[in-house]
Structure formats: C-alpha cells, structure tokens
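The following exercises concern the reading of a single protein model. Each sets a task and then works through the solution in steps.

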Amino acid sequence: MSDFSPNDCAHMARALRLAERGQYAAHPNPMVGCVLVRDETIIGEGWHEAAGEAHAEVNALEAAGDSARGSTAYVTLEPCAHHGKTPPCVEALIGAGVSNVVVALEDPFPEVAGRGIAALKKAGIGVRVGLMQSSAEELLAGFLSRVTRSRPFVRLKMASSLDGGIAMSNGESQWITGPEARADVQRLRARSGAVMTGIGTILADDPSLTVRDTTIDTRGKQPSRVILDNGLRMPLSAEMLALPGQTLVYCIDDEKREALTAAGAEVIKVDAKAGLVDVSAVLSNLAEREVNDVLVEAGPTLAGSLINAGLVDELVIYQAPHIMGSETMGMFDTPAWTELANRKSLDISDVRRVGADTRITARIVD
C-alpha cells in the first residue's frame, strides 16, 4: 500500500509546477518548489527563483508566517543542510515548527546526500521520501547529470524540413522553421547553462547564441557560448565576442590564444581524440564550471559525431511542413551505416505543434 494519499500527490504536483518557474534563473542550482499545507489547506508556497537568492522552503515559510507551525512541507528536493550562499533550509523548517516533510527526491549533491533528511528526523519531524520521484528526476535531469555523471545533460536541437533537410546545397537555411519555433528555441537557450556549436557554424553564420527574448526572465544571465575549434580559426570579429556573457573556445592547438583572449574569449586547450577536440573532456570541464545543461546548436558534422559518441541525452527536432528536395544538407553526418542494425532507435517522449511546425522531443535508445 502506498504511503502517499491523493492529496499528497496533488500537493507535490503543485510543488513541481512551482519548481519549474526557476528554470531560467536558478541555474546552476537545482529547481526546487515547496508547498506548506495545514488541515489540507495550502498556507504557503515558494520556489527557488534565482541562484544566490532564498531557497524554495524559505520563501514558502515566509508566505505562511506563524501558520507554518504544525504544517506539512512538500518539497521537490531534499532540503539542504549545509551553509552555501544561503543558510541551511533544514534549520528554517525546524525553527518554523513544521511537523512533517514529504520529499520527492533525495539530493545526491555530496554536501547534502541524506544529511538534510537525517537532520529533520533528528529534530523529531516526520519525513517521507519518494513521492513523484521520477517527475522530480526529469525536472532536474541537468543538475543530476552534473552531480552524478560529472558532465552536463546534453540536448541537441535541430531544425529541418519534413524530408530532413537543414540547408540547401548552397548553405541557405534561414529560415526553415517559423517564428514560433524560433521563439521556442530562445526558451531552450534560456534554460541552458551553455550553448555549444562548432567552428563551422561560426564561420558560416556568425551566430550570437544569446537569449534575445526580453520577455524571458533570466535575471540578466546569458548561457555560456561554447565553441569547438580545433585550430583556433575563430574570427576576432565574431559577433558573439562583443556581446554580454562568456565565450569559451575549446581547442587542441592554442597558438593563437593571445589574440583571441584579447578579443574577449576564454581559450581552453583540451586533449585531442582522433585529431579533434575531445568533447568528453569539454563536457567534464563544463561540469567543473557548474554547467548543468548544454544545448547544442550545430551542423551535421558535430551533431553526427555527438550521436555516434553516445553523448546526446535528448533530441529536440523542429520539423517544418515543407519539402526541400534531394539537393540538401541532412541533419546528421555519421559513419557509413549500411544496415538497418546500425540505425539509432528513438524513444519519443513528446510531439506538439509550435506554430506551423512540429516539435519532437526524443531520447536515443541504447
């Protein structure tokens, strides 16, 4: 028999929806939501709105005031028990006189990792763990990836015609998808700690890779711009070098480091793999920089190599309702797959209309 009632589920579902509100500004911290309930009435709720600011539990307790005493707190992630930029949330919950805490997911972060739950129990507070755990894990996929795998969650975004074309043979590609899809990509960028592309895309398109939609509340943050550039061919005149935010250029030959650094980039030399930048080393470095999620916006060479290397956690494909014909560039440049057994199977989790286009979200099945 489940330890959780339908009301428990409803309150945790609300906490998860609140947590999602922090998707654009909480990074690199995890998104967390909290709902305080007394006599089956919500008396306070909150979420972690931005990194460096109060955590979800503190915001919920402030909303509840003295009514928090004797209440039950529904929290999407184990309350922290360590001093970071803010005091421990377990101390706030204990001090407010909360009687019970329901937690969706135990925090794997080493400085928490069960210590928050243990502190609550030691204070005589009832604790139940595991309600809607899979939903919390999905919400926190990037944070969990960084903490448990020492690399960010990699999301590969592609835009194509119905027949799989991403550009005409002459390179023309603007615009394959409509304005609604492009606006949706802005939201993908805003929720990512970094946006990655290859030097080929820089040389062909000179992209900014910034969040330009001012309606998205990122608290002024921009994702780091990550460029894979084996021999530092990055133009000193590249648009992104003059824009707010951080441009990280990963290379294996850094002879031109000084000029590019002076132009505004940070140059990081990593090991080579098959004569190219080792993307695994790049991802490890980004994890050390507390990047949870990487959005890849690249051409078929980098996209194909990432898939072939097993480094893509999720595909987001925007498919436009038109046919571009046979003389086009395809989405993925892969090794010569000559048999059906070579194909990559996808588990499609979501299909929806975005304007006139279709957005397909999928994961590659091992």
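**Exercise 1. A residue in a loop**

Beyond its neighbours within four places in sequence, Arg151 is in contact with Ser145, Arg146, Leu283, Ala287, Gly310, Leu311 and Asp313. The model is a predicted one.

Task: Determine where Arg151 is found and whether Arg151 is buried or exposed.

Solution. Step 1: Arg151 belongs to the loop between α6 (141-149) and β6 (153-161). Step 2: the relative accessible area of Arg151 is 12%. Step 3: buried means under 20% relative accessible area, so Arg151 is buried.

**Exercise 2. Two nonpolar cores**

Task: Identify which residues of the largest nonpolar core touch the most other members, and state which element contributes the largest share of this core.

Solution. Step 1: the largest nonpolar core has 41 residues, of which Met12, Leu36, Ala73, Val98 and Val101 touch the most other members. Step 2: helix α1 (residues 6-20) supplies the largest share of this core, namely 5 residues. Step 3: another core, of 31 residues, lies apart from it and includes Met158, Ile268, Val296 and Leu311. As general background, nonpolar side chains in soluble globular proteins tend to be buried together.

**Exercise 3. Thr72 and Leu36**

Task: Place Thr72 in the secondary structure, classify its accessibility, and relate Thr72 to Leu36 in space.

Solution. Step 1: Thr72 is located in strand β3 (residues 72-75). Step 2: Thr72 counts as buried because its relative accessibility is 15%. Step 3: Thr72 and Leu36 are 36 residues apart along the chain, while their C-alpha atoms are separated by 5.7 Å. Step 4: not counting neighbours within four places in sequence, the contacts of Thr72 are Val35, Leu36, Val37, Asn100 and Val102. Step 5: with residues up to four places away in sequence set aside, Leu36 touches Thr72, and its other partners include Ile42, Ile43, Leu61, Ala73 and Val98.

**Exercise 4. Packing of α3 against α4**

Task: Describe how the axes of helix α3 (residues 89-96) and helix α4 (residues 115-122) are related, and give the make-up of the contact of α3 with α4.

Solution. Two packed helices are described by the angle between their axes and the distance between the axes. Step 1: the axes of α3 and α4 come within 10 Å and cross at roughly 20°. Step 2: angles under 35 degrees count as roughly parallel, so α3 is roughly parallel to α4. Step 3: the crossing in which α3 passes α4 is right-handed. Step 4: Val90, Leu93 and Ile94 of α3 make the contact with Gly116, Ala119 and Leu120 of α4. Step 5: the residues of this contact divide into 5 nonpolar, 1 polar and no charged.

**Exercise 5. Packing of α2 against α3**

Task: Carry out the analysis for helix α2 (residues 56-64) and α3.

Solution. Step 1: the two axes come within 9 Å and cross at roughly 25°. Step 2: α2 and α3 are therefore roughly parallel to each other. Step 3: α2 passes α3 in a crossing that is left-handed. Step 4: from α2, Glu57, Val58 and Leu61 meet Cys89, Ala92, Leu93 and Ala96 of α3. Step 5: the contact of α2 with α3 comprises 6 nonpolar residues, no polar and 1 charged.

**Exercise 6. Backbone geometry in loops**

Task: Characterise the peptide bond from His27 to Pro28, and the phi values of Asp39 and Ala113.

Solution. Most residues other than glycine have a negative phi, and most peptide bonds are trans. Step 1: the bond from His27 to Pro28 is cis, with omega near 10°, and Pro28 lies in the loop between α1 and β1 (33-38). Step 2: Asp39, a residue other than glycine, has a positive phi near 55°. Asp39 sits in the loop between β1 and β2 (41-47) and counts as exposed at 72% relative accessibility. Step 3: Ala113 is not a glycine, yet its phi is positive, at about 35°. Ala113 is in the loop between β4 (100-103) and α4 and counts as partly exposed at 35% relative accessibility.

**Exercise 7. Leu162**

Task: Decide whether Leu162 is buried or exposed, and list what Leu162 is in contact with.

Solution. Step 1: Leu162 occupies the loop between β6 and β7 (165-168). Step 2: Leu162 has a relative accessible area of 55% and is exposed. Step 3: neighbours within four places in sequence aside, Leu162 is in contact with Gln319, Ala320 and His322. Step 4: the C-alpha atoms of Leu162 and Leu144 are separated by 34 Å, the two residues being 18 residues apart along the chain.

Technical notes
Residues are numbered from 1 along each chain as its sequence is written. This is a predicted model: local features need pLDDT of at least 70, side-chain atom pairs count only at pLDDT 80 or more; totals for chains, interfaces and linings use all residues. Side-chain values use heavy atoms; hydrogens and water are left out. A nonpolar core is a set of buried Ala, Val, Leu, Ile, Met, Phe, Trp, Tyr and Cys residues joined through side-chain atoms within 4.5 Å. Buried means under 20% relative accessible area, exposed over 50%, partly exposed in between (1.4 Å probe, protein chains only). Helices (H or I, at least four residues) and strands (E, at least two) are DSSP runs, numbered from the N terminus. Contact means heavy atoms within 4.5 Å. Axes are lines fitted to C-alpha atoms, for helices over the stretch in contact, and angles run from 0 to 180 degrees between N-to-C directions. Angles under 35 degrees count as roughly parallel, over 145 as roughly antiparallel, 65 to 115 as roughly perpendicular and the rest as oblique. A crossing is left-handed if the near helix is turned anticlockwise from the far one by less than a right angle, and right-handed if clockwise. Ala, Val, Leu, Ile, Met, Phe, Trp, Tyr, Cys and Pro count as nonpolar, Asp, Glu, Lys and Arg as charged, and the others, Gly among them, as polar.
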